[in-house]
2 protein chains.
Amino acid sequence: MAQQHLDPTDPTAEVVTGDALGAYLRAQATEFLRALRLHRETGGTTAAGAEESVDWARLLRRSARRISGSLHTFRPLLDADWSEEMRPELAWLSGTLGLEHAYEARLERLLLALHRLSGATALPVQAVTTVAVGAAAPSDSGGPAHPAATQERGNLTVGAAKAGALLERQLTLARTRAHSTALQALGSSRFHAVADKVAVLASEVPLTPTAPTTDLRPLAAAAEERLTDAIAALPLVVAGNPYNAEALVHGLSPDPSPHPQDGPWHQVRLLLRLHRYAQEALHGGNPPADVGLLAAGRALNRHRDASEAAAAAAQAARTPRIAPATAYALGVLHADQRHEVEAARFAFQQAWQKQTVSTP
Amino acid sequence: MAQQHLDPTDPTAEVVTGDALGAYLRAQATEFLRALRLHRETGGTTAAGAEESVDWARLLRRSARRISGSLHTFRPLLDADWSEEMRPELAWLSGTLGLEHAYEARLERLLLALHRLSGATALPVQAVTTVAVGAAAPSDSGGPAHPAATQERGNLTVGAAKAGALLERQLTLARTRAHSTALQALGSSRFHAVADKVAVLASEVPLTPTAPTTDLRPLAAAAEERLTDAIAALPLVVAGNPYNAEALVHGLSPDPSPHPQDGPWHQVRLLLRLHRYAQEALHGGNPPADVGLLAAGRALNRHRDASEAAAAAAQAARTPRIAPATAYALGVLHADQRHEVEAARFAFQQAWQKQTVSTP
């Protein structure tokens, strides 16, 4: 893609063999064990502070994703049975440990958006919840010069505040459940089996007999090709045309899974990650910085977050017996987050265009 | 602005005097009378077809706007008392006759948007109302394979359909009232007094004694300067940055007039129109085509239409005792139209940027 990547067709380039993959996997396994130690030291199985628990969990997921991704990209170089057993376990672990943080980030995103949509000036994130709920006080609606107008103003303010309170209730509950599930997972024999395997991996990578002398680069190039193929299939012309109103097309659709259009973008996000990990394996964990790819990856993260936040707002609107003002606020919020989805696609298109233009 | 405009500082350019203004005003007055005749011939005071009534009303408003605009821009060249009496009467007439069409267009815009947001494929405009209302039938929600999901799907579909039906009821009522008001206005002595004055104008323009030899161009240039000054004061840097999320900032604001940010754009729309009419007066009714200005004007019309449609959706959401699903759909619709407002500002910024770049 960019010139600093190793070119497998360049005969003068240094060959990178399975030995480098072994070193990369050992390093990632060591990181995994370090995160686990951090968790045990900070007492993660008790009700530890959420911040500490997120830190070690993030480190652990980070290395789990890299191990799992490398197993996928460099499959022919690794013991097949071991790989096939390992990958779903790492995916389970990473998914289970990621949920708590995902719900927390989703709530923060939605409350910030509600705050912005209420036309308030910027406030620190910590104050958002308080403000959103506090705005429900009818005394905030001002003097009764125009009773009807004051009533309407009150209703809208209460709508935003009630929507915030509802989302907070629902997503905090989901987060608490995710926290319990994660704690249960960490105490399970399934987890201990994964941890044992990773401990072995830290010293001994099950490479195939020929792997130590096999060139990694064709497999890394194949991962890159899967990425570029998937990107080529995205509707980038539409995405590059600002305000195409495409992301909200199914905003009120009767379809129970209303945003199938997001799928290909989520898929590219995963392929971009696999490509990055493959580059890490080729470059001893430190690939040359690729600003365009980083920007593209950030845009796809934003796309995913906004897509899920929009779905959470739509889901909250289906809560029985909510007030019309609450439902209205959730509708505005849903559409706002779908606009964010569209904006993220535009940002990705711009980053990718620069990326391909700068490629020699 | 663009090179084809007459430059008042260019000594070789031909002087355009008050005589040209007189000819322009006479032509517009004649158009006004022609529209009036059309109205009388098609029996406008009875319940005539809406299409015919809109046609003559549009012609009449078109010339009323041009007469009124010229009275404003070229005020020093016209009898002051006459001008001051004439302008508010033309504004009243133009406003009264424009309302019916405005409500009709607003409803059409909102129903089309609801249709698009429901993820349906494009349908002819005529079918929109039927489809939106028809979708309320619960039999449309498909087989009961997943009762809960089906129920949710049903709710959302019903929400969009109910929102459409509510908007249709409210805006059709407003339109019917506007129609009655327009008919009353056309039968009033106030209207007959305006029509009489326009009939006089068609043969005799009350120019000041010095007007026939006075250069029109400095006054036209002043109108253009008012336009460029107002545009320079717009937040064009923000508007040119796609997905700035600025238009929805007050989407849930407790402010009773939630979109003061639209005001300066509406003002530029009016100044752009005055500038165009001034150019028409200078060029015997046919100024050189200015594609950039036309595109800028279209963007500002779209801005105004979307702004008013968004307000109508928000207003409908304040109807007492509506279902949460209806309110949710109206929230999505409101945000969608505010997004259109933002898109229109972007389109204006793009058109204006081209315009100023192409100016020598």
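Contact means that heavy atoms lie within 4.5 Å of each other. The structure is a predicted model, in which local features need pLDDT of at least 70 and side-chain atom pairs count only at pLDDT 80 or more, while totals for chains, interfaces and linings use all residues. Residues are numbered from 1 along each chain as its sequence is written, chains are lettered from A and ligands numbered from 1 in the order in which they are written, and side-chain values use heavy atoms, with hydrogens and water left out.

**Exercise 1. The make-up of chain A**

Determine how many helices and strands chain A has, and what share of its residues is buried.

Solution.
- Step 1: Helices (H or I, at least four residues) and strands (E, at least two) are taken as DSSP runs, numbered from the N terminus. On this basis chain A holds 11 helices and zero strands.
- Step 2: The order along the sequence is α-α-α-α-α-α-α-α-α-α-α.
- Step 3: A residue is buried under 20% relative accessible area, exposed over 50% and partly exposed in between (1.4 Å probe, protein chains only). Of the 360 residues in chain A, 47% are buried.
- Step 4: Among the contacts in chain A with a separation of 6 or more, 84% join residues 24 or more positions apart.
- Step 5: The exposed area of chain A is about 16,400 Å², of which carbon and sulfur atoms supply 56%. Such areas come from the Shrake-Rupley method with a 1.4 Å probe; for residues, only the protein chains shown count as cover.

**Exercise 2. The relation between the chains**

State which turn and which shift lay chain B on chain A.

Solution.
- Step 1: Two copies of a chain are related by a rotation about an axis and a shift along it. Superposition is by least squares on the C-alpha atoms of residues with pLDDT of at least 70 in both copies.
- Step 2: A turn of 180° with a shift of 0.0 Å along the axis lays chain B on chain A, with an RMSD of 0.0 Å.
- Step 3: The two copies are therefore related as by a two-fold rotation axis.
- Step 4: Both copies use the same surface, since 100% of the contact residues of chain B recur in chain A.

**Exercise 3. Helix α3 of chain B**

Describe the span of α3(B), the place where the helix bends, and its two ends.

Solution.
- Step 1: Helix α3 of chain B covers residues 80-117, 38 residues in number, and reaches 52 Å from its first C-alpha to its last. This is close to the 56 Å expected at 1.5 Å a residue, the expected span being 1.5 Å times one less than the number of residues.
- Step 2: At B:Leu99 the helix bends by about 35°. The bend is the angle between axes fitted to the seven residues ending at a residue and the seven starting there.
- Step 3: At the start of α3(B), a side-chain oxygen of B:Asp79 comes to within 3.5 Å of the backbone nitrogen of B:Asp81.
- Step 4: After the helix comes B:Gly119, with a positive phi near 75°.

**Exercise 4. The loop between α8 and α9**

Where in chain B is B:Asn244, and which residues is this residue in contact with?

Solution.
- Step 1: B:Asn244 belongs to the loop between α8 (236-239) and α9 (263-282) of chain B.
- Step 2: Its relative accessibility is 18%, so B:Asn244 counts as buried.
- Step 3: A polar atom of the B:Asn244 side chain lies 2.9 Å from the backbone oxygen of B:Val238. The backbone oxygen of B:Asn241 is 3.0 Å from a polar atom of that side chain.
- Step 4: Neighbours within four places in sequence set aside, B:Asn244 is in contact with A:Tyr243, B:Val238, B:Ala239 and B:Glu342.
- Step 5: A:Tyr243 sits in the loop between α8 and α9 of chain A and is buried, with a relative accessible area of 9%. Although A:Tyr243 is not a glycine, its phi is positive, about 60°.

**Exercise 5. Two buried residues in helices of chain A**

Establish which helices hold A:Leu60 and A:Asp336, and what each residue touches.

Solution.
- Step 1: A:Leu60 is part of helix α2 (residues 50-73) and is buried, its relative accessible area being 0%.
- Step 2: Residues up to four places away not counted, A:Leu60 touches A:Phe32, A:Ala35, A:Leu36, A:Leu93 and A:Leu97. A:Leu36 is 24 residues from A:Leu60 in sequence and 6.9 Å away, C-alpha to C-alpha.
- Step 3: A:Asp336 is in helix α11 (residues 324-358) and, at 4% relative accessibility, counts as buried.
- Step 4: Beyond neighbours within four places in sequence, A:Asp336 is in contact with A:Ala113, A:Arg116, A:Leu117 and B:Leu248.

Note on methods: Polar contact = N/O pair within 3.5 Å; in protein donor to acceptor, adjacent residues only side chain to side chain.
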